[in-house]
Structures are given as C-alpha cells and as structure tokens.
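Work through the exercises below with the sequence and the model side by side. Each task is followed by a solution in steps.

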Amino acid sequence: MLRIVILSLAVACTSAMVCLPDTCATVRCAAVTAESCVGGTIVRNGGFCGCCDQCVQGLAEGDKCFSSLLLGVPANTQCGEGLVCDRHTFTCVKTDELMVSRRQALTCAQRLQQINVAQGNGLPLLGQFVPTCATDGSYSARQCQGSVCYCVDPNGVKINGYEANIGEAANMDCQCARDQYAYMQTGLIGKLFTCTTSGSYQRYACTGSVCYCADNLGAMKVGSPTVNIGNIGALQC
C-alpha cells in the first residue's frame, strides 16, 4: 500500500509539472550556497527540470530514505557514502550488508528442491506454496498461490500493487512491474512506468515528460509519434 501511495504521488506531481523547452526561462531559482546547504551537497541543476541547483542532505545508516522513491521528483536526501536505500525496509543500510542478505536468500530452484526433498520424505505439503522457477533458477515473474497471482522480483520478493485473479492471469507477464521495481532499486529518478494492475506494460510509456506508444516490453514502437505527457490522450496506440 505504501508503494502504491508513493507512486501515485509521483505520477500526480510529474503530470502537474511538465518540463517544456522554455520551462527554465520562467523559473526564479533561490541561491544555494555552502552556508545554506550546511551538511549537504550542492547538485548543480539538480532541481526539477534541471532549472535550479539542489541541496541534497546525506542520510546516515538506519535513516529513512522515502524521498528517493518518488519518481520524477528531485530527491533532497540520499544515503551517505557506503550506504544504499534498502527498498524492503526503506532505510539506509551498508552496501555489503544488503548484498550479504540477498546472497543468503534461497533461489527458487533451491526452494523447490527443499520442497521436493520434503515431499520425498513423506512430509505433508497441504497449503505449502510451491514456486514457479525460471530456467536460470530464479523466481519467475508471476507466482500464483491459491486463487491469486502476483508479481515478484527474481529473488521472490513480492512487488506490492500488482496481482490478478488466477482466472484472469493468462496474459500476466509482470514485465512492467519488474522493470519498475528494478529501476527503483537504483535510486534514479525521472523515468515513469505505465503498468497495468496486473504488472504488464500499458500500450504507452513515458520517459520524463515525453510519451509514446510502446510494445509489450515498454520499448518505443517503430515509427511511434511522441507527445508531451500533458497531451497523452492524443496518442493513438
């Protein structure tokens, strides 16, 4: 639910603040100096649309890093040196600790092997979640349990906000949900993802304030026209 709220706010802000070629000509920037940015780092042209300088404050280990999740909105905080924003806990953690925790997680193939061994030993599997694995041993993008299918990352972490009834999940590929989730892990901002509620790509996509018709991988279709995000209704995809 938190991720849904964050993404909704990001899309709303970006839709309301479109970067036009002459946007910066109408913006009056407040001076950002070393005195006004005590403890922070001045990022040249780091504000919205690249018009103004931005003061970015460093976060310490354990600090919350919600602001870096707002796509399209310049972040005024970032995790300090040697730290990264853990997208599961939304806190700054040491890079090596995050990598260790990910390595310790079982792959889909390992988890499936555990289940098969347990089954071979006669242990009951009633209600046991049996994952679907990709050919490389990671988790397939779509997982189903009971009557519900949902999207996960390659490590099996559920991507909240994307699910469908199993009877309506035949064309559910979760590609958009995965791409969006992976992009959020980088801490970058500015790229918008237009996913359906089941995690597939919409018929259009946007990069910054530019929108275009997209294929099922979110790539621009050959010969597709581009429009400003404010005129997205004009696209005939």
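## Exercise 1: a disulfide near the C-terminal strands

Cys213 and Cys237 are joined by a disulfide, with an S to S distance of 2.1 Å. The model is a predicted one.

Task. Assign the handedness of the disulfide of Cys213 and Cys237, and state which parts of the chain the pair ties together.

Solution.
1. The torsion about the S-S bond of Cys213 and Cys237 is about -90°, so the disulfide is left-handed.
2. Cys213 belongs to strand β11 and Cys237 to the segment after β12, so the pair ties together parts 24 residues apart in sequence.
3. Buried means under 20% relative accessible area. Cys213, with a relative accessible area of 6%, is therefore buried.
4. Cys237 counts as partly exposed at 24% relative accessibility.

## Exercise 2: two further disulfides

Task. The count of disulfides comes to nine. For the pairs Cys108 and Cys133 and Cys176 and Cys195, describe the geometry and the location.

Solution.
1. The sulfur atoms of Cys108 and Cys133 are 2.1 Å apart. A torsion of about -85° about their S-S bond makes this disulfide left-handed.
2. Cys108 is in helix α3 (residues 108-120) and Cys133 in the loop between α3 and β6, so this pair links distant parts of the chain, 25 residues apart.
3. Cys108 is buried at 0% relative accessibility, whereas Cys133 is partly exposed at 24%.
4. In the pair of Cys176 and Cys195, the sulfur atoms are 2.0 Å apart. The value about the S-S bond is -75°, and the link is left-handed.
5. Cys176 lies in helix α4 and Cys195 in the loop between β9 and β10, so the pair ties together parts that are 19 residues apart in sequence. Both Cys176 and Cys195 are buried.

## Exercise 3: the strands β6, β7 and β8

Task. Trace the pairing of β7 with β6 and with β8, and locate the glycines with positive phi in the two hairpins.

Solution.
1. Strand β6 (residues 142-145) pairs with β7 in the antiparallel sense over four bridges. The bridge partner of Arg142 is Cys151 in β7.
2. Two residues separate β6 and β7 in their hairpin, and Gly146 in the turn has a positive phi of about 65°.
3. β7 and β8 also run antiparallel, joined by four bridges. Here Val148 has Asn165 in β8 as its bridge partner.
4. The hairpin of β7 and β8 has five residues between the strands, and Gly156 takes a positive phi near 90°.
5. Four of the five residues of β7 are buried, which leaves the strand mostly covered.
6. Lys158 lies over the face of Tyr150, at 5.0 Å from the ring centre.

## Exercise 4: the open sheet

Task. What is the strand order of the open sheet of four strands, and which are its edge strands?

Solution.
1. The order is β9-β10-β11-β12, and the pairing is antiparallel.
2. β9 (191-192) and β12 (226-228) are the edge strands, each pairing on one side only.
3. Strand β10 (residues 204-207) is joined to strand β11 (residues 210-213) by four bridges. Cys206 stands opposite Cys211 in β11.

## Exercise 5: cores and the aromatic pair

Task. Which residues touch the most other members of the largest nonpolar core, and how is the aromatic pair classed?

Solution.
1. The largest nonpolar core has 16 residues, of which Cys151, Ile159, Tyr162, Met172 and Phe193 touch the most other members.
2. β7 (148-152), β8 (158-165) and α4 (175-186) each supply at least two residues of this core. The largest share, four residues, comes from α4.
3. A second, separate core has seven residues, including Leu192, Cys211, Cys213 and Val227.
4. A search of the whole structure finds one aromatic pair. The rings of Tyr183 and Phe193 have centres 5.6 Å apart and planes at 55°, so the pair is tilted.
5. Tyr183 in helix α4 and Phe193 in the loop between β9 and β10 are ten residues apart. Tyr183 is buried at 15% relative accessible area, and Phe193 is buried at 12%.

## Exercise 6: an unusual backbone angle

Task. What is the phi of Cys174, and is the residue buried or exposed?

Solution.
1. Most residues other than glycine have a negative phi.
2. Cys174 has a positive phi, near 60°.
3. Cys174 sits in the loop between β8 and α4 and is buried, with a relative accessible area of 0%.

Key. Residues numbered from 1 in each chain as written. Predicted model: local features only at pLDDT ≥ 70, side-chain atom pairs only at ≥ 80, totals over all residues. Heavy atoms only, no water. Pairing = 2+ DSSP bridges. Core = buried A, V, L, I, M, F, W, Y, C linked by side-chain atoms within 4.5 Å. Buried < 20%, exposed > 50% of the residue type's maximum accessible area, 1.4 Å probe, protein only. Phe/Tyr/Trp six-rings, centres within 6.5 Å; stacked < 30°, edge-to-face > 60°. Lys NZ or Arg CZ within 6 Å of the ring centre and 35° of its normal. Disulfide = S-S within 2.5 Å.
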